[in-house]
Amino acid sequence: MKQRSAAERRFWAQFDALDMGTGWDEQDIRKPQIMIESVYGDSHPGSYHLNQMVEQAVYGVYEKGGKPAKYYATDICDGCTQGGDGMNYVLASREAIANMVEIHGSTVAWDGVIMSSSCDKSIPAHLKAIARLNVPAIFMPGGSMRPGPDMTTSIVAGDISLREKRDGAITPQEIRDFKLTGCPSVGACAFLGTASTMQCIAEALGLTLPGAALVPATMRDLLQYSREAGRRIMELAERKLTPDKILTPAAFRNAIVVHSAIGGSTNATLHLPSIAREAGVDLPIELFDEINHKIPHIGNIYPSGSQLTESFWFAGGVPMVEWMLRDYLDLDVMTVTGKTLGENLEELWKDNWFDRNLGYLHNYGLTREQVIFPVEQVKEKGSVAILKGNIAPEGSVIKYAACAENQREVVNAKARVFNCEEDAYAAVVRRDIRPGEVIIVRYEGPRGCGMPEMVATTEAICCDERINGNVALITDGRFSGATRGAAIGHVSPEAASGGPIAFVEEGDLISYSVKNRMLNVTGIAGKPCTPEEAAKVLQGRSKKGIIPREPRKGFYRMYTKYARSAMQGGGLE
C-alpha cells in the first residue's frame, strides 16, 4: 500500500530523520502510518485506562504491517467541575479537543486514524475530528464503569451533596463511604448519561466495531476490541474506506433511532447536529422530534429506566437494539467493518455474540427482557421531545422518559426566575422553592457562559421529597445525561442573544406540554393570558435590554463570543 505521506518524505529528508530520532527504523518509515489519538490522562476514570487500550491497538497495527504513532489531547470531567466555574468550560472543551485532534491529523498525511475516549465531550470531539479529517478511521470507546454498592452509580453524589448542606442530614461516615465506593473502577459512569449515550451513538453511526460501546471497562473484551481495531484500521486504509462513506444522512438517522430507543441523554441533540455539520449533513432539530414520535422506547436503562449500562451490554447492547428495531433502520449503511449494518448483525448472530454474555446478566438475577424490553410490549414512543413556543421560538429539549407522567404537562405554574444556576441551587437548598412552581434559569446558554449542565440543581430537586415530582426547571443551559424529573433545556434563542427567556419575570405563568410539543408564557404577573398576548409583553420588555456579560479572556472568550445556538449544536461559527 502506498503511503499518503510518501511525497512529503521524498521532498524533505528531515521528515524521516525526525521519525527515526524517536526510535523508528528504516522499515517503519516505509510502512502505512496510523495515528492513534486518545484522551488518556490522569484526569478521571474515563481516561485513566485508555493507555492500555492504545497499546493493544498498537499491537494490532504492527500485526498487519503498519506503523502506529500515539498522540494525546486529554479531556476533562463534568463531574469534577460541578459547583465551580470549570463547568463553564466543559462544552467548549469539545471544540478545543476537536481542533487539537484536527491539527494532529492534518500536519502529517496519515493513512488511517484510531481515536479513543469514553466520555461526554471527548467522544463528540473525536467524531467531529474524524469527519473533518476524512481519512480511514475507527473510534474505540472506553467502556463502562462497574456498578457501585447496591447497583448504584456515581450520581448518588446529588443526594450526598444536598444533605451535606443541611444541618444534621448526613453523617461524615456516609460521605466517606460514598467517596470510597461511588466510582469503583475506570470507564464511563454506569448510568446512561452523555458519556454512555455518545458511546452508543458512535456505534450507531457505524464508526466502532460492532458491540464495542459500553463494554465493562475491567473485562478482557475491551482490550480485545482494541487489538481488533488496530488490525481493522489497516484494512480500511488499504480499501481507502473514508468516513464520508459512513457518515451519511441515513447513518445519522439510524443514530437518532437508537438514541430514541434507549432513552439517551439530551446532550445528543447538541452533539449529533454538530458532528453532522462537520460531515456536511444537515440535521435539523425537528428530526429528533419526528423520530421520537415513532420509535418504541425499549431501553430500561437508568435514569429513564432501572438498569445500569453494564447490564445493558450483557443484554446485547446497541446491536440488540438495532436487531430489534431493524424495521426502523437503514441496514444498508456502511460501517468500519467494511460491511453493512445488516451484514454485521447477521455475523453477530452466527458468532453467538448475542447470547454469549447473557450468563453475566444472570449473575445479577436479570433476563434480557428486563433490560431491553421486547418491542411488542412497549407502549411509550421515544424519549426526547422538542418543545417550541413564545419562550423558545427555535426550540427546547425535554427528556420526558425521565420524568413522571404528571410532570409531562404543566399549566399556568408560577415562574421563579434566576440569572444563574448558583442562585437557583441555593434557593432549593434553602427550601425557598414551593411545590408547583417552575424554576427559570437563564444566561446559561453557549454565549451566556458556555452552557454548563445543571445536574446539581436537578438532583437537589429530585432528592427533596417536598418538591420532587412537582417542580420543573427550564433553562437555556443544558443538563447531565443523568438528569431526572421535568427538566427543559437548550431554550433557544438563549438569553444572552436576546431570546424571550431573558424577559420572563418572577410571577409570570408558565405552561408546557410534551404531547403538544409546547412551551409558553401563559400569564403575566400571575394573571392568565393567551400565548400571543404574553409574547407581545415579552417583546415590550426586551427594550430594557439584556444583562451585560463580565469581561472574558482566552479560549473561553472566543467560545462564548462565537458559539452557535444550541439548536445548531453549540459549535463554533
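Which helices each supply at least two residues of the lining of the largest cavity? The legends below take up this question first, then move to other sites in the predicted model.

**View 1. Lining of the largest cavity.** Three helices answer the opening question: helix 10 (194–204), helix 16 (317–324) and helix 17 (341–350). Helix 17 gives the most, with 3 residues. The cavity holds about 100 Å³ of space. Its lining counts 14 residues. Nearest the centre lie Glu 203, Glu 322, Thr 335, Leu 341 and Asn 344. By class, the lining splits into 8 nonpolar, 4 polar and 2 charged residues. In total, the structure holds 5 cavities of 30 Å³ or more.

**View 2. The second largest cavity.** This cavity has a volume of about 70 Å³. Its lining runs through Thr 266, Lys 399, Phe 479, Ser 480, Gly 481, Thr 483, Gly 485 and Ala 487. Of these residues, 5 are polar, 2 are nonpolar and 1 is charged.

**View 3. Strand 4 and its enclosure.** Strand 4 covers residues 137–141. All 5 of its 5 residues are buried, so the strand is largely enclosed by the rest of the structure. Both faces are covered. Ala 137, Phe 139 and Pro 141 are buried on one side. Ile 138 and Met 140 are buried on the other.

**View 4. Pairing of strands 3 and 4.** Strand 3 spans residues 112–117 and runs parallel to strand 4. The two are joined by 5 bridges. Met 115 stands opposite Phe 139 of strand 4. That Phe 139 belongs to the face shared with Ala 137 and Pro 141. Helix 7 (residues 122–133) completes the motif: strand 3, helix 7 and strand 4 make a β-α-β unit. The unit is right-handed.

**View 5. His 44 and its contacts.** His 44 sits in the loop between strand 1 (33–38) and helix 3 (45–48). Is this loop residue buried or exposed? His 44 has a relative accessible area of 6%, under the 20% cut-off, and therefore counts as buried. Leaving aside residues up to four places away in sequence, His 44 touches Asp 75, Ile 76, Cys 77 and Cys 119. Lys 2 is 42 residues from His 44 in sequence. In space, the C-alpha atoms of His 44 and Lys 2 are 39 Å apart.

Technical notes. Residues are numbered from 1 along each chain as its sequence is written. This is a predicted model: local features need pLDDT of at least 70, side-chain atom pairs count only at pLDDT 80 or more; totals for chains, interfaces and linings use all residues. Side-chain values use heavy atoms; hydrogens and water are left out. Helices (H or I, at least four residues) and strands (E, at least two) are DSSP runs, numbered from the N terminus. Buried means under 20% relative accessible area, exposed over 50%, partly exposed in between (1.4 Å probe, protein chains only). Contact means heavy atoms within 4.5 Å. On a 1 Å grid over the protein atoms alone, a cavity is a set of points where a 1.4 Å probe fits but cannot get out, and a pocket is an open set with protein on both sides within 12 Å along at least five of seven lines; lining residues have an atom within 4 Å of a point. Grid points are joined across faces, edges and corners, and a volume is the space filled by probe spheres set on the points. Ala, Val, Leu, Ile, Met, Phe, Trp, Tyr, Cys and Pro count as nonpolar, Asp, Glu, Lys and Arg as charged, and the others, Gly among them, as polar. Two strands pair if DSSP finds at least two bridges between them. A crossover is right-handed if, with the strands pointing away from the viewer, the path from the first strand over the helix to the second runs clockwise.
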